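Colleague: I am new to this one. Could you show it and take me through how it is put together?

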Amino acid sequence: MKRIKWTIMTLIISLSVGGALATAPQHDCRTDTQYYLTGGAYMPAGTWGVNYLCDAGSDICSYTTDGFGNYYACRQGEYRLILGGITNTPKTKPGKK
Amino acid sequence: MFKRQVLQECISALLIMLFLYASLSKFLDFHTFIGEMNNQPLPNSWTPFLVWFIPCSEMLMCIALLFERTRLIGLYASLFFMSLFTIYSLFIVFNFFGRIPCSCGGVIKRLTWNQHIVLNLFFVALSISGIVLQRRKFFKSILITKNSFV
């Protein structure tokens, strides 16, 4: 019985550790500066959970940029500004999605 | 008897798999996990405590479930935590907090809140089954020990 137990446990632990390592993000866009789209302009979103939140939804919550005026979707959801968060003027002109 | 023991091991193994994967995913992407906690409709002042408490508790439950002596404690703890997560998910689904945050965390983040509830309920049921089987075994062993003294 002990042999069966430890075989099952070894298998399960290996699966969990392997799974966690395999699904860990390689390059995470969420670590880059985040922007949100408002009125066709991209504005700095600040820190997630501090300046803004993402509610459940199919929209794009925040974007990242490559620095050449191209913006890419990063977080999914509905953007929600936290009162007292960043209220800067747009940093760049509207770019491609 | 043998079948029941194998069943018990399988229940513990499934719970260990869930908690180990969940805690490792959080530790491997700790920065994101902090953001995810802040994104939840809970006071942000709780975040420094919760970001350590949740993955460490999950890790401790894995250790408790691994060994025969501490398995019952591990099963009760997993029942408590999974019930708590289910209640929290229900609060989210019924819009108790006024907003629905994204559901996040490893592969599980791809699940919707409703799917989260189904998954949580499955593990609640699994914990209860594990407790029933383990308690029966526990009381049987006490009875055997008592009889050996008579």
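Colleague: How many residues of chain B are in contact with chain A?

Modeller: Two residues are in contact if their C-beta atoms, placed from the backbone, lie within 7 Å. This is a predicted model, in which local features need pLDDT of at least 70 and side-chain atom pairs count only at pLDDT 80 or more, while totals for chains, interfaces and linings use all residues. Residues are numbered from 1 along each chain as its sequence is written, and chains are lettered from A and ligands numbered from 1 in the order in which they are written. On the chain A side 28 residues take part, and on the chain B side 27.

Colleague: Which helix gives the largest share of the side of chain B that touches chain A?

Modeller: Helices (H or I, at least four residues) and strands (E, at least two) are DSSP runs, numbered from the N terminus. Helix 1 (2-28) and helix 2 (30-39) of chain B each supply at least two residues of that side. The largest share, 12 residues, comes from helix 1 of chain B.

Colleague: What is the order of helix and strands along chain A?

Modeller: Chain A has 1 helix and 4 strands. Read along the sequence, the pattern is α-β-β-β-β.

Colleague: How do strand 3 and strand 4 of chain A run, parallel or antiparallel?

Modeller: Two strands pair if DSSP finds at least two bridges between them. Strand 3 (residues 52-65) and strand 4 (residues 71-81) of chain A are joined by 9 bridges, and Thr65(A) has Tyr71(A) as its bridge partner. In the hairpin they form, with 5 residues between the strands, Gly67(A) takes a positive phi near 90 degrees. The two strands run antiparallel.

Colleague: Is Ile60(A) exposed, partly exposed or buried?

Modeller: Ile60(A) is found in strand 3 of chain A and is in contact with Ala73(A) and Gln76(A), leaving aside neighbours within four places in sequence. A residue is buried if 20 or more other C-beta atoms, placed from the backbone, lie within 10 Å of its own, exposed if 12 or fewer, and partly exposed in between. Because Ile60(A) has 19 C-beta neighbours inside 10 Å, the class is partly exposed.

Colleague: Which helix gives the most to the largest nonpolar core?

Modeller: A nonpolar core is a set of buried Ala, Val, Leu, Ile, Met, Phe, Trp, Tyr and Cys residues joined through C-beta atoms within 7 Å. Of the 21 residues in the largest one, Leu15(B), Ile16(B), Phe19(B) and Leu65(B) touch the most other members. Two or more residues each come from helix 1 (2-23) of chain A and from helix 1, helix 3 (47-66), helix 4 and helix 5 of chain B. The most, 10 residues, come from helix 1 of chain B.

Colleague: How many residues are in the second, separate core?

Modeller: That core includes Tyr35(A), Met43(A), Ala45(A) and Cys74(A). The count is 14 residues.

Colleague: What does helix 4 of chain B reach from its first C-alpha to its last?

Modeller: Helix 4 (residues 71-93) of chain B has 23 residues. The expected span is 1.5 Å times one less than the number of residues, here 33 Å. The helix comes close to that, at 32 Å.

Colleague: Which residue with a positive phi follows helix 4 of chain B?

Modeller: Most residues other than glycine have a negative phi. The residue here is not a glycine, yet its phi is about 55 degrees. It is in the loop between helix 4 and helix 5 (113-149) of chain B, and with 9 C-beta neighbours inside 10 Å it counts as exposed. It is Asn95(B).
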